[in-house]
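Colleague: Could you take me on a close tour of the sheet in this model, and of what packs around it? I am new to reading structures, so please go step by step.

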Amino acid sequence: MKNKKEFNVMIFGATGMVGIEVLYQCINRSQIKRVVAVGRRPTGVKNLKLNEIEHHNFLDYTPLKPVFSDVDICFYCIGVYQGKVATAKFLEITCDYLAHLIDSIETVKEDITFCLFSAQGADPTERSPILFAKAKGRAEKKLLNSKIYRKFIFRPGFINPGIKRARSRIPARIVKPFYKLIPGIGVDSSVLASVMVDVGLALITLELVCLFVSIGIIVNFIVLQIPMLDKHLSKKYGDEFEEYAKQTKKFIPLVY
Ligand SMILES: NC(=O)c1ccc[n+]([C@@H]2O[C@H](COP(=O)([O-])OP(=O)(O)OC[C@H]3O[C@@H](n4cnc5c(N)ncnc54)[C@H](OP(=O)(O)O)[C@@H]3O)[C@@H](O)[C@H]2O)c1
């Protein structure tokens, strides 16, 4: 795998706000030779690299098994907002779809990179009383316990829409002003997609440019975003925040 120069990727959820950005990123990367987008409807994107597969039963991936054997990286961007569907359906979409996919991929090949789009607050211990935190945590745990060789989980907070709008029940126009004020609470969908693709590619190609971009973004959060946010909270809430900060465990031991 390390000696490969070109990679085949597979995207689940390429019709969504984040998935479409991942799709464009993949199409524009020279290291990516072929992109397979699996979804229940077409993405509307036309490109020679792209092959779309219409699939409707996300609890059975048998027809896709021949495709899996040729895939190097899988980007999983299927998701539904809590409250948009009944609880049982929410759990099915968030956890069972992914669980069946992982089980199915494992029967074909374990030497694959899997990038899961999760969410801030995901709780793999499933102790959280919040449904979405529990469900996202359960999905993460499934991936973490799988035999897949390389697995990455992305937990964004607010996502600032790019090409496509979010289907969230909380309209972006309500959250956007906060995002402008405190950019550290979220990420642009295009940046998120770019990081996902960089990370997916970096560790299998060992390509330093991709690795440096990913490290740069992480360092930006540690060196710029987090101190900026802390400063803002300290200015706004004064002693109350300082007291809270003293009692709260550090996010990165000895740093924040
Ligand atoms: N917006 C935020 O600020 C934010 C932040 C962190 C995490 N999240 C998480 O992001 C996820 C949503 O991502 P997004 O904004 O990219 O969502 P989106 O635009 O609604 O796209 C969701 C994708 O999942 C697919 N999908 C949904 N239900 C499906 C089903 N029953 N069967 C097959 N495919 C299905 C959709 O396909 P169709 O096009 O066919 O419907 C689409 O491709 C949610 O799980 C949310 O928790 C959002």
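**A close look at the sheet**

Modeller: Let's begin with the whole chain: of its 256 residues, 43% are buried. Please keep in mind that this is a predicted model. The chain's secondary structure amounts to eight helices and eight strands. Among contacts with a separation of 6 or more, 67% link residues that are 24 or more positions apart. As for the outside, the accessible surface is about 14300 Å², and carbon and sulfur atoms contribute 58% of it.

Now to the sheet itself. Six strands build an open sheet, and if you walk across it you meet them in the order S3-S2-S1-S4-S5-S6, with parallel pairing. At the edges sit strand S3 (50-54) and strand S6 (150-154), each of which pairs on one side only. From one strand to the next, the twist averages 15°.

Let's walk across, starting with S2, which covers residues 32-39. Six of the eight residues of S2 are buried, so this strand is largely enclosed by the rest of the structure. S2 runs parallel to S1, and six bridges join the two. To find this pairing on your screen, look for Phe-12, which stands opposite Val-38 in S2.

From S1 we step to S4, again a parallel pair, this time joined by four bridges. Here a good landmark is Met-10, whose bridge partner in S4 is Cys-74.

S4 deserves a pause. In a regular strand, side chains alternate between the two faces of the sheet. S4 has cover on both faces: Ile-73 and Phe-75 on one side are buried, and so are Cys-74 and Tyr-76 on the other. Moving on, S4 pairs with S5 in the parallel sense over four bridges, and Ile-73 has Thr-113 in S5 as its bridge partner.

The last step takes us from S5 (residues 113-117) to S6: five bridges join these parallel strands. Look there for Cys-115, which stands opposite Phe-152 in S6.

What packs on this sheet? One element is helix H1 (residues 17-28), which touches S1, S2, S3, S4 and S5, its direction making about 165° with that of S1. Since angles over 145 degrees count as roughly antiparallel, H1 and S1 fall in that class.

Let's zoom in on one residue of H1, namely Val-22. Val-22 counts as buried because its relative accessibility is 0%. Setting aside neighbours within four places in sequence, Val-22 is in contact with Ile-11, Phe-75, Cys-77, Ala-193, Met-196 and Val-197. You have already met Phe-75 as one of the buried residues of S4. Val-22 also shows how the fold brings distant parts of the sequence together: Val-22 and Ser-189 are 167 residues apart in sequence, yet their C-alpha atoms are 9.0 Å apart in space.

Another helix to find is H3 (residues 87-108), which lies across S1, S4 and S5 and runs at about 175° to S5. H3 also has a helix partner: H3 and helix H4 (residues 131-144) pack with their axes 9 Å apart, at an angle of about 10°. The two helices are therefore roughly parallel to each other. On the H3 side, the residues that meet H4 include Phe-90, Leu-91, Leu-98 and Ile-102. On the H4 side, they include Leu-131, Phe-132, Ala-135 and Leu-143. Sorted by class, this contact between H3 and H4 has eleven nonpolar, two polar and four charged residues.

Finally, two loop residues are worth finding. Ser-69 sits in the loop between helix H2 (65-68) and S4. Because its relative accessibility is 43%, Ser-69 counts as partly exposed. Apart from neighbours within four places in sequence, Ser-69 is in contact with Val-108 and Lys-109. Ser-69 and Glu-110 are 41 residues apart in sequence, with their C-alpha atoms 9.5 Å apart in space.

The other is Glu-126, in the loop between S5 and H4. With a relative accessible area of 22%, Glu-126 is partly exposed. Most residues other than glycine have a negative phi. Glu-126, however, has a positive phi, near 60°.

Terms used:
Residues numbered from 1 in each chain as written. Predicted model: local features only at pLDDT ≥ 70, side-chain atom pairs only at ≥ 80, totals over all residues. Heavy atoms only, no water. Pairing = 2+ DSSP bridges. Axes fitted to C-alpha atoms, helices over the stretch in contact; angles between N-to-C directions. Contact = heavy atoms within 4.5 Å. Buried < 20%, exposed > 50% of the residue type's maximum accessible area, 1.4 Å probe, protein only. Areas by Shrake-Rupley, 256 points an atom, 1.4 Å probe, with all protein chains shown as cover. Parallel < 35°, antiparallel > 145°, perpendicular 65-115°, else oblique. Nonpolar A, V, L, I, M, F, W, Y, C, P; charged D, E, K, R; others polar.
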